Amino acid sequence: MTQEEIDARLRRASDKKFKEFNAKVVNSKLPMLGVRAPVLQTLAKEIAKDPQDFLDTFITNNYEQILLYSFVLAYIKMPYEQKLPYLDRIMRLYDNWAHVDMTVGAFKQLGENRDDFLQRYAHLSEGNVFERRFLIVFLLAYCLTDDMLPTVFSYYEKMQCDEHYVNMGIAWGLSVALVKCYEPTLAYLQNAPYNDFIMNKTVQKARESYRIPRDRKAEIARLKR
């Protein structure tokens with residue numbers, strides 16, 4: 001499938017009302033067509049079956065092209081290590097939380113190579129907003145197990161800053177930790193060195209979760225500052 005054919009598919013799938021809505025939610029500076037993520041995922045799976053030289057030649061000038069590229073990279077049958085240079089290339093273009101969150105969720109090979117990814121990409125903890133967000137979401141998606149909690153918490157402490165999308169990601173991660181590893185996470189949060197925004201958003205997200213029982217939500221509420 002050529003670039004022209006793919007772009008024509010994207011234009012046909014564009015929706016003006018969704019574009020206006022998504023632009024406000026995503027808050028990206030990139031041009032946007034207004035194509036829904038499930039449509040991009042379906043197209044990416046189709047491309048990934050016969051990618052030819054897609055990863056080397058596809059032009060990524062707008063929000064949807066970048067997300068499509070990320071999905072194809074996630075779905076294509078290629079050894080994990082061979083994908084990393086392409087991940088480095090596309091990650092530099094992310095300027096919003098949606099690119100990060102959806103890519104991490106789709107890219108299951110990152111979780112399958114968890115320890116290697118952490119070793120190679122530890123530098124993201126000191127990167128820009130969306131590089132940090134990438135590591136934050138990776139940790140919550142693939143590392144929230146009892147044995148990995150100290151590592152997750154250490155990274156989260158180091159990455160907190162004044163950036164909204166970083167701190168919101170950390171709060172999200174901590175709330176999921178309360179779902180998956182309740183007792184050790186609750187004990188940790190009672191003396192955790194996070195700013196008030198992160199702590200209060202963690203409490204809010206945990207109390208909104210359907211996966212946490214009511215009695216536990218009462219305990220979590222006491223963490224609010």
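Colleague: Where is Asn27 found?

Modeller: In this predicted model, Asn27 lies in the loop that links helix H2 (16–26) to helix H3 (37–49).

Colleague: Why is Asn27 called partly exposed?

Modeller: Its relative accessibility is 49%. Buried would need a value under 20%, and exposed one over 50%. Asn27 meets neither condition, so it counts as partly exposed.

Colleague: Which residues does Asn27 touch, leaving out those up to four places away in sequence?

Modeller: Asn22, Asp95 and Tyr165. What makes each of them a contact is having heavy atoms within 4.5 Å. As for Ser175, it is 148 residues from Asn27 in sequence, and their C-alpha atoms are 24 Å apart.

Colleague: Now the cysteines, please. How many disulfides does the count give?

Modeller: The count is zero. Cys143 is not in a disulfide, the nearest cysteine sulfur being that of Cys181, 11 Å away. A disulfide needs the two sulfur atoms within 2.5 Å, so that pair does not qualify.

Colleague: And how do you know that Cys161 is not bonded to Cys143?

Modeller: The closest cysteine sulfur to that of Cys161 is in Cys143, and the two are 20 Å apart. Set against the cut-off of 2.5 Å, that is too far for a bond.

Colleague: What makes Cys143 buried and Cys161 partly exposed?

Modeller: Cys143 has 0% relative accessibility, so it counts as buried, the limit being under 20%. Cys161 has 21%, which puts it in the range between 20% and 50%, and therefore it counts as partly exposed.

Colleague: How much of the chain is buried by that rule?

Modeller: Buried residues account for 51% of the 225 residues. The chain exposes about 11,500 Å², with 48% of that area supplied by carbon and sulfur atoms.

Colleague: How do you know that the radius of gyration agrees with a compact globule?

Modeller: For 225 residues, the globule rule gives a radius near 17 Å; this chain has 19 Å, which agrees. The C-alpha trace spans about 55 × 40 × 30 Å along its principal axes.

Colleague: What secondary structure goes with that?

Modeller: There are 15 helices and zero strands. Of the contacts between residues at least 6 apart in sequence, 70% join residues at least 24 apart.

Colleague: One more: how far apart are the mean positions of the positive and negative charges?

Modeller: They are 7 Å apart, taken over 32 positive and 29 negative charges.

Notes
Residues are numbered from 1 along each chain as its sequence is written. This is a predicted model: local features need pLDDT of at least 70, side-chain atom pairs count only at pLDDT 80 or more; totals for chains, interfaces and linings use all residues. Side-chain values use heavy atoms; hydrogens and water are left out. Buried means under 20% relative accessible area, exposed over 50%, partly exposed in between (1.4 Å probe, protein chains only). Helices (H or I, at least four residues) and strands (E, at least two) are DSSP runs, numbered from the N terminus. The radius of gyration is taken over C-alpha atoms; the globule rule is 2.2 Å times the number of residues to the power 0.38. Accessible areas come from the Shrake-Rupley method with a 1.4 Å probe; for residues, only the protein chains shown count as cover. Lys and Arg count as positive and Asp and Glu as negative; His and the chain ends are not counted. The place of a charge is taken as NZ of Lys, CZ of Arg, CG of Asp or CD of Glu.
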